[in-house]
Amino acid sequence: MKKRRVVVTGLGAVTPIGNDVQTFWKGLLEGRNGVDLITYFDTTKFDTKFAAELKNFDPSIYIDKKQIRRMDRFTQFALSTSAQAIDDSRLNLEKIDLERFGVIYGSGIGGIKTFEDQNFNYFTERNPQRINPFFITMMIADIAAGHISIRYGLKGPNYSTTSACATASHAIADAFMLIERGNADLMICGGSEAAITELSIGGFNSMRALSTWNDNYKKASRPFDKDRSGFVMGEGSGTIILEEMEHALDRGANIYAELSGIGLTADAHHMTAPDPEGYGAVRSMREAILDADLKPRDIDYVNAHGTSTPLNDVTETRAIKTALGEHAHNIHVSSIKSMTGHLLGAAGAIEAISTILTLKNDIIPPTINLENQDPDCDLNYCANKPVYTMVNAAIS
C-alpha cells in the first residue's frame with residue numbers, strides 16, 4: 001500500500017510567552033522569558049517558588065462561560081488552541097467529511113487541579129456530597145479530545161495519549177500514522193498541561209527534578225549550561241492540524257510544512273534517568289530520518305528536548321552526535337524550554353510548532369540563558385540569539 005503524504009495546515013498555541021501562535025513565535029525570536037514567581041498558590045513552604053505560568057489567558061474568547069466552569073484549565077487550553085488551529089486552517093467544516101476527521105490529544109496528567117480541589121472538598125468533611133458532579137469529566141486526561149470532537153462534530157478516530165514528556169509528540173505521531181495509512185484525511189492533534197499546582201510542584205521538588213534557583217529564577221531554565229540545576233515547570237497547549245496532502249491541495253490550503261517521518265522508541269532503562277548513551281533518542285532519530293527517506297546529512301536543525309537538567313542535556317547531546325555522526329557539528333540545535341519552561345505533556349506540541357515555523361521562515365529560535373556552555377555539551381545551541389539560515393529538514 002502506497003503511503004499517503006501528510007502536511008501541516010493549521011496551528012494554535014497558548015504558552016507562557018504568548019497566547020496565540022504569532023505572539024508565541026515573536027516571543028521566541030525575541031528571547032522572551034516566560035519564567036516568574038508562582039502566583040497560583042502560596043509557595044512559602046515550597047523549595048521552588050517560580051514557574052512559567054500563562055499570562056492574561058482568557059478562555060471566554062473561545063469557550064462559553066458556563067462550559068468554562070465545567071472544565072479543568074488543561075481542557076480550556078486545549079479547546080482554545082484547537083479553535084485557533086481550525087480558524088488558521090480556513091477549513092469549511094460543512095464541506096469536509098467529518099467521519100474522516102479525528103482528534104488525538106494528550107495530557108501528561110490531565111485535570112490535576114480539579115483532583116486537588118475535589119480531594120480537599122471531600123476530606124474536609126469526608127462527605128461525598130461535596131464532590132462536584134463534573135469531577136470525573138473535568139479530571140480525566142482524554143476529556144480534551146472528547147470536547148474538541150463534540151465542539152466540531154468530528155467523528156473520526158478519537159483518543160488521548162499519555163507518555164509524560166513525549167505525550168504530545170506521540171499524539172502527533174499517531175495522527176500522522178492514521179492519515180498515512182488511510183484511516184483519516186484530517187487530524188487535530190497536540191497536547192495540553194495545567195500542572196502548576198501544589199501537588200505537582202511539591203512532587204517534583206521531592207524527586208529533586210525542579211530548579212530551586214529562587215534568587216535568580218529568570219535564569220533558572222538554562223539548557224546546556226554548566227550551571228543548570230533542574231527544569232522549570234511551564235503550562236499551556238499546542239494544537240496542530242495534520243492533513244493528507246492531496247486533500248489539502250484540493251481545497252487550496254495554506255501548507256506550513258510536511259511531516260515526513262517519525263520514530264518511536266523506549267530507553268527501557270530507568271524510571272526518570274535517560275540511558276547514559278541516549279540510545280533511545282538515537283534510535284528514534286534514526287527511525288524518523290529513515291521513515292522520511294532522508295539521510296543524516298539532510299538534517300539542518302534539531303529542536304531539542306533540552307530540559308536544563310544535569311542528565312538530559314549531556315545524554316541528548318551525545319544522542320544527536322551518535323545519530324547524525326560528524327554532521328552533528330554542522331547543524332544548529334536549540335531548546336525553547338529556556339523561554340517557556342517545560343510544558344510536560346504539551347511540550348512536544350509547542351516545540352513541534354516552533355520547528356514548523358522554523359522551516360516556514362528559515363529562522364531558528366535561540367537557547368537563552370546559555371552563558372557558560374557545558375564542555376560535555378559541544379554542539380551549536382544558538383546561544384541567546386536567533387539564527388537566520390536556510391532550514392530544509394528538521395527534527396523535533
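In this predicted model, Ile-38 lies in the loop that runs between β2 (36-37) and β3 (50-51). Although it sits in a loop, Ile-38 has a relative accessibility of 9% and therefore counts as buried, the cut-off being under 20%. Setting aside the neighbours within four places in sequence, the residues in contact with Ile-38 include Thr-43, Thr-48 and Lys-49, together with Phe-50 and Ala-51, and its contacts also take in Glu-53, Ile-196 and Ile-201. Ser-284, by comparison, is 246 residues from Ile-38 in sequence, and the two C-alpha atoms are 35 Å apart in space.

From this loop we can turn to strand β1, which spans residues 6-14. Because 9 of its 9 residues are buried, β1 is largely enclosed by the rest of the structure. The strand pairs in the antiparallel sense with β7 (residues 236-244) over 8 bridges, and within this pairing Ala-13 has Gly-238 as its bridge partner. β1 also pairs with β8 (residues 257-259), again in the antiparallel sense, over 3 bridges, where the bridge partner of Val-7 is Glu-258.

The cysteines raise a separate point, since a disulfide is a covalent bond between the sulfur atoms of two cysteines. The structure holds 0 disulfides. Cys-377 is in no disulfide, and the nearest cysteine sulfur, that of Cys-382, is 14 Å away. Seen from the other side, the closest cysteine sulfur to that of Cys-382 is in Cys-377, and at 14 Å it is too far for a bond, given that a disulfide calls for sulfur atoms within 2.5 Å. Cys-377 is buried at 0% relative accessibility, and Cys-382 is likewise buried, with a relative accessible area of 3%.

Key. Residues are numbered from 1 along each chain as its sequence is written. This is a predicted model: local features need pLDDT of at least 70, side-chain atom pairs count only at pLDDT 80 or more; totals for chains, interfaces and linings use all residues. Side-chain values use heavy atoms; hydrogens and water are left out. Helices (H or I, at least four residues) and strands (E, at least two) are DSSP runs, numbered from the N terminus. Buried means under 20% relative accessible area, exposed over 50%, partly exposed in between (1.4 Å probe, protein chains only). Contact means heavy atoms within 4.5 Å. Two strands pair if DSSP finds at least two bridges between them.
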